Amino acid sequence: MIRLHCFGESGNAYKAALPMTLAGLDWEPVKVDFFAGAARSDEFRALNEMGEVPVLETDDGLRLSQSGAIQDWISERTGKFGGTTPDERREVLRWVLWDNHKLSGQAGGLRFLMNFLPPEKRPEQVIAWLKGRLAPTYATLDRALASRDWLVGDGPTNADFSCCGYLYYPEPFGFDRAEHPNIDRWLDRIAALPGWKHPYDLMPGSPKDREGATT
């Protein structure tokens, strides 16, 4: 059985869980209790010295971390979502790298600061700075989707699954779908794919499961 160490609040884990599901792979989630410090435990660091989710354990003994690497394995295993030509494969990689640096790498931190820290510990100047950094990033993605249904080629790829990783979450983090109509339509398009699930339905754990969490 393929196992994915993950938790529902993690957009990075969702980037791995969603394409595995849509590709038809048989996998099971293993909940990492991030908010109780599980990712920093010696046991978890034995799985991934980086102390991060997702971590994939495959049925043939492979262990992988980092969502982009896991997405590449999914494409290699199933022949799906990696692009249909060498040029498309590189274009998928370009968007995955852009997302990690410009979009998810900042949206994930901002969402954590705005929602999962106690209000009195939220650094307002950092929050404002990250919102300013993300505004042109959302605009870039919206422009890219103005004349196409998918980021690369004629169907969904890991470029889409990487860039959408945080954008379905309901907690505020400076993103308003109504302000970005092309992103809005694209997110609906992804959600219409057979087998799609929201991250809180696909992976164990959500804010409502934690007493006193901000939702």
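In which sense do β1 and strand β3 (residues 55-57) pair, and over how many bridges? Select both strands in this predicted model. The pairing is antiparallel, with three bridges between β1 and β3. For one contact point, pick His5 and Val55: Val55 in β3 is the bridge partner of His5.

**The other neighbour of β1**

Keep β1 (residues 2-6) on screen and add strand β2 (residues 27-31). These two strands run parallel and are joined by five bridges. Label Arg3 to find Glu28 of β2 opposite, then label Cys6 to find Lys31 of β2 opposite. Next, show helix α1 (residues 11-22), through which the chain crosses from β1 to β2. This β-α-β crossover is right-handed. Now turn on the surroundings of β1: the strand is largely enclosed by the rest of the structure, because four of its five residues are buried.

**Cysteines**

Stay on Cys6, which is buried with a relative accessible area of 0%. How far is the sulfur of Cys6 from the closest cysteine sulfur? The distance is 15 Å, to Cys164, so a bond is ruled out; the cut-off for a disulfide is 2.5 Å. Move to Cys163, which is in no disulfide either: the nearest cysteine sulfur belongs to Cys164 and is 8.1 Å away. Cys163 has 1% relative accessibility and counts as buried. Across the whole structure, the search for disulfides finds zero.

**Asn115**

Select helix α4 (residues 86-115) and go to Asn115. Is Asn115 buried or exposed? Its relative accessible area is 2%, so Asn115 is buried. Draw two distances from the side chain of Asn115. One runs to the backbone oxygen of Arg111, at 2.9 Å. The other joins a polar atom of that side chain to the backbone oxygen of Pro172, at 2.8 Å.

**Helix α7**

Finish with helix α7 (residues 181-191) and colour its buried residues: Asn182, Ile183, Trp186, Leu187 and Ile190. Look along the axis of the helix. The buried residues lie on the same side of α7, because they cover an arc of only 135° around the axis. What covers them? Show α1, α5 (124-144) and α6 (158-163), which are among the elements covering the buried residues of α7. Helix α1 is already on screen from the crossover between β1 and β2.

Terms used
Residues numbered from 1 in each chain as written. Predicted model: local features only at pLDDT ≥ 70, side-chain atom pairs only at ≥ 80, totals over all residues. Heavy atoms only, no water. Buried < 20%, exposed > 50% of the residue type's maximum accessible area, 1.4 Å probe, protein only. Pairing = 2+ DSSP bridges. Right-handed = clockwise from strand over helix to strand, strands pointing away. Polar contact = N/O pair within 3.5 Å; in protein donor to acceptor, adjacent residues only side chain to side chain. Arc of directions from axis to C-beta. Contact = heavy atoms within 4.5 Å.
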